[in-house]
Amino acid sequence: MTTPDPSINVLGTALESCSTDPVTGFFRDGHCNTCTEDAGSHTVCAVMTAEFLAYSKYVGNDLSTPIPAYRFAGLKPGDRWCLCAARFLQAHDEGCAPKVRLEATHQRALDIVPLAVLRQHQEDDLPF
């Protein structure tokens, strides 16, 4: 049985929901929870943009095309999605990272993405 890591966000508080429409997360529970089996570290709650979706498709991860067999409608700008931390960092390095909801980004994202980088892309204007 897979045991999730503690549900703590990058701010050190309880992990908030990222999205239930579409349902996201490694566990498909709407949260960016993770565990040792989550090799992709689906821990960054990202707000999709047209630019990021085009970039992701270009680098081989098409998130916008529906896949009915998996009940996946495809993502559109404005949707929130638990993104792989390494893909987020790659997009940041390429200048097309999406916005991030820090309260819904799992603390394990910090294993890959520095908090300062996440804060550069935060969705809300929160005090540091």
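## Before the first strand

Let's start with Pro22, which sits in the segment before strand 1. This is a predicted model, and in it the peptide bond leading from Asp21 to Pro22 is cis, with omega near 5°. Ser41 is also worth a look: its place is in the segment before strand 1, and its phi is near 50°, a positive value in a residue other than glycine.

Why pick out these two spots? Most residues other than glycine have a negative phi, and most peptide bonds are trans.

## The sheet

Next comes the sheet. It's an open one of 3 strands, in the order 2-1-3, and the pairing is antiparallel. Strand 2 (80-84) and strand 3 (99-100) stand at the edges with a single partner strand each, so each has one side left without a neighbour in the sheet.

Strand 1 covers residues 42-47, and 5 bridges join it to strand 2, the two running antiparallel. If you'd like one pair to find on screen, try Val47, whose bridge partner in strand 2 is Arg80. Helix 2 (residues 85-94) packs on this sheet and touches strand 1, strand 2 and strand 3. The direction of helix 2 makes about 95° with that of strand 2.

## Two helices that cross

Two packed helices are described by the angle between their axes and the distance between the axes. Here, helix 1 (residues 50-58) and helix 2 have axes that come within 11 Å and cross at roughly 110°. The two helices are therefore roughly perpendicular to each other.

Which residues meet where helix 1 and helix 2 touch? From helix 1 come Phe52, Tyr55 and Ser56, and from helix 2 come Arg87, Gln90, Ala91 and Glu94. Sorted by class, that contact has 3 nonpolar, 2 polar and 2 charged residues.

## The largest pocket

Now for the empty space. Rolling a probe the size of a water molecule over the atoms shows where such space is left. The largest pocket has a volume of about 470 Å³. It is lined by 21 residues, and the closest to its centre are Val23, Arg28, Phe72, Leu75 and Trp81.

What is the lining made of, by class? It has 12 nonpolar, 3 polar and 6 charged residues. Strand 2 turns up again here, giving the largest share of the lining with 4 residues.

Conventions. Residues numbered from 1 in each chain as written. Predicted model: local features only at pLDDT ≥ 70, side-chain atom pairs only at ≥ 80, totals over all residues. Heavy atoms only, no water. Pairing = 2+ DSSP bridges. Contact = heavy atoms within 4.5 Å. Axes fitted to C-alpha atoms, helices over the stretch in contact; angles between N-to-C directions. 1 Å grid on protein atoms, 1.4 Å probe; cavity = no way out; pocket = protein on both sides within 12 Å on 5 of 7 lines; lining within 4 Å. Points joined across faces, edges and corners; volume = space filled by probe spheres on them. Nonpolar A, V, L, I, M, F, W, Y, C, P; charged D, E, K, R; others polar. Parallel < 35°, antiparallel > 145°, perpendicular 65-115°, else oblique.
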